[in-house]
Amino acid sequence: MASQGYRVAVVGATGQVGTLMLELLRERRFPAAEIVPFASQRSVGRELDGGLVVRGLSEDSIQGFDLALFSAGGSTSGAWAPRFADAGAIVIDNSSRWRMQDDVPLVVSEVNPDALEAHNGIIANPNCSTMQMVVALKPLYDEAGIERLVISTYQAVSGTGRGAVEELLDQSHALLHERDIEQPGAYAHQIAFNALPHAGSFAPGDDHTDEERKLINETRKILADPGIAVSATCVRVPVVTGHSEAVNVQTRRELSPARARELLEAAPGVTVLDDPASALYPLAIDATGKDDVFVGRIRRDPGHERALDLWIVADNLRKGAATNAVQIAEVLHERGLVHARDAAASV
Ligand SMILES: NC(=O)c1ccc[n+]([C@@H]2O[C@H](COP(=O)([O-])OP(=O)(O)OC[C@H]3O[C@@H](n4cnc5c(N)ncnc54)[C@H](OP(=O)(O)O)[C@@H]3O)[C@@H](O)[C@H]2O)c1
């Protein structure tokens, strides 16, 4: 690190996740000497809150960075993350482009930070639904193992990008004023006042969406346990921010709801809200703007002596994306890993 701090690029800085990453780098006092925002050619020259001016991606403009935090979609990542890495930066990428590649660590800061040690210049931030779930599952996994998960998600539209938020609000406004809605663009159907069993997209010949496949594959990679059976249904609901998940967890060894509650109460990054008789359980609107993962409705599955049911909620833009990316940068800094590659190369 230069004496004053790192040079940090934020690619996708005008988007929902990028805007939050910029805010979090400042709020959490990440030791950055300079932060440079990048976005598409449409935004070049735009001044952001705080006075930073957006730059465009070019071979010249990407030189000299220590870290590059990406949230600009898979194709931008595919094209530019390796170039930033070749130019000496460590890339932390929010897209799904690199997540399942063997030499790319897929890291949740509270769950598997040690995986960072093996990075080769690109580190992947998991999918938002997987991220919040594994934060809650990790303490249960360590205590009792996990045999099978049955997951139903209730995912907010901000997970699709800014355009989807506008579409939900426009449709809601039109319908409340008894006007016809425009042809849906973000989703196959109207999202306002509806629930779509179609979060993500269906690849040809696959009866699961890519979002469901991510939950299956990323959970196994992060917990380093390919034997976990996962069944997932991802549903898009008309919520702006905050993904909710009903998760049935079948453990390998006996685990009581009381012990699970105790473990979750002690877990980093988790807040337990669990007093259903007083209507206390996690809600998307309460999780919005917070960095923790909230867990409630912790109970025995009456249908299985080794299964528990949980309700897990988090802000998909914060812990589901921006917060974890910045936490990864913090761990890299704390462990002296930012320039470890340069040091190894110069030996
Ligand atoms: N939203 C979530 O909950 C969530 C969670 C986890 C991961 N992610 C991932 O994070 C990424 C961004 O999501 P988001 O919700 O922030 O999307 P968004 O609000 O639509 O923002 C997209 C950003 O990417 C930039 N961009 C688009 N094309 C580009 C290009 N060719 N070159 C450079 N920059 C380009 C945009 O710049 P302009 O403003 O100039 O168009 C904008 O800054 C996606 O990969 C998404 O899958 C999102």
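1. A salt bridge, as the term is used in this note, is a side-chain nitrogen of Lys or Arg within 4 Å of a carboxyl oxygen of Asp or Glu. The structure discussed here is a predicted model, and a search of the whole of it finds 20 such salt bridges. One of them is formed where the side chains of Arg28 and Glu330 meet, with 2.8 Å from N to O, a value that falls within the 4 Å limit. Arg28 belongs to the loop between helix H1 (16-27) and S2, while Glu330 belongs to helix H8, so this pair ties together parts that are 302 residues apart in sequence.

2. The strand S2 just mentioned is part of an open sheet of five strands, which has the order S2-S1-S3-S4-S5 and parallel pairing. At the edges stand strand S2 (32-38) and strand S5 (122-124), and because each has a single partner strand, one side of each is left without a neighbour in the sheet. From one strand to the next, the twist of this sheet averages 20°.

3. A student who wishes to follow one pairing in detail may turn to strand S4 (residues 90-93) and S5, which run parallel and are joined by three bridges. Within this pairing, Val91 stands opposite Ile122 in S5.

4. Which helices pack on this sheet? Helix H8 (residues 318-334), the helix that carries Glu330, packs on the sheet and touches S1, S3, S4 and S5, with a direction that makes about 150° with that of S4. Helix H2 (residues 74-86) lies across strand S1 (6-11), S2, strand S3 (67-70), S4 and S5, and runs at about 170° to S3.

5. Another open sheet is formed by six strands in the order S7-S6-S8-S11-S10-S9, and here the pairing is mixed. Its edge strands are strand S7 (229-236) and strand S9 (270-272), each of which pairs on one side only. For this sheet, too, the twist averages 20° from one strand to the next.

6. Inside the six-strand sheet, strand S8 (residues 243-251) and strand S11 (residues 307-314) run antiparallel and are joined by eight bridges. Ser244 can serve as an example to look up, since its bridge partner in S11 is Val313.

7. Helices pack on this sheet as well, and one of them is helix H5 (residues 210-222), which touches strand S6 (146-155) and S7 and has a direction that makes about 140° with that of S7. Helix H6 (residues 257-266) touches S9, strand S10 (293-300) and S11, and its direction makes about 170° with that of S10.

8. The last point concerns the ligand, which has 26 residues around it, of which Thr14, Gln16, Ser40, Arg42 and Ser43 come nearest. An N or O atom in the side chain of Ser43 is 2.5 Å from an oxygen atom of the ligand, whereas Gly15 contributes a backbone N or O atom, which lies 3.0 Å from an oxygen atom of the ligand. A polar backbone atom of Ser158 is 3.0 Å from a nitrogen atom of the ligand. Taken alone, the ligand exposes 910 Å², and the protein buries 76% of that area.

Methods. Residues numbered from 1 in each chain as written. Predicted model: local features only at pLDDT ≥ 70, side-chain atom pairs only at ≥ 80, totals over all residues. Heavy atoms only, no water. Pairing = 2+ DSSP bridges. Helix = DSSP H or I, 4+ residues; strand = E, 2+ residues; numbered from the N terminus. Axes fitted to C-alpha atoms, helices over the stretch in contact; angles between N-to-C directions. Contact = heavy atoms within 4.5 Å. Near = heavy atom within 4 Å. Polar contact = N/O pair within 3.5 Å; in protein donor to acceptor, adjacent residues only side chain to side chain. Areas by Shrake-Rupley, 256 points an atom, 1.4 Å probe, with all protein chains shown as cover.
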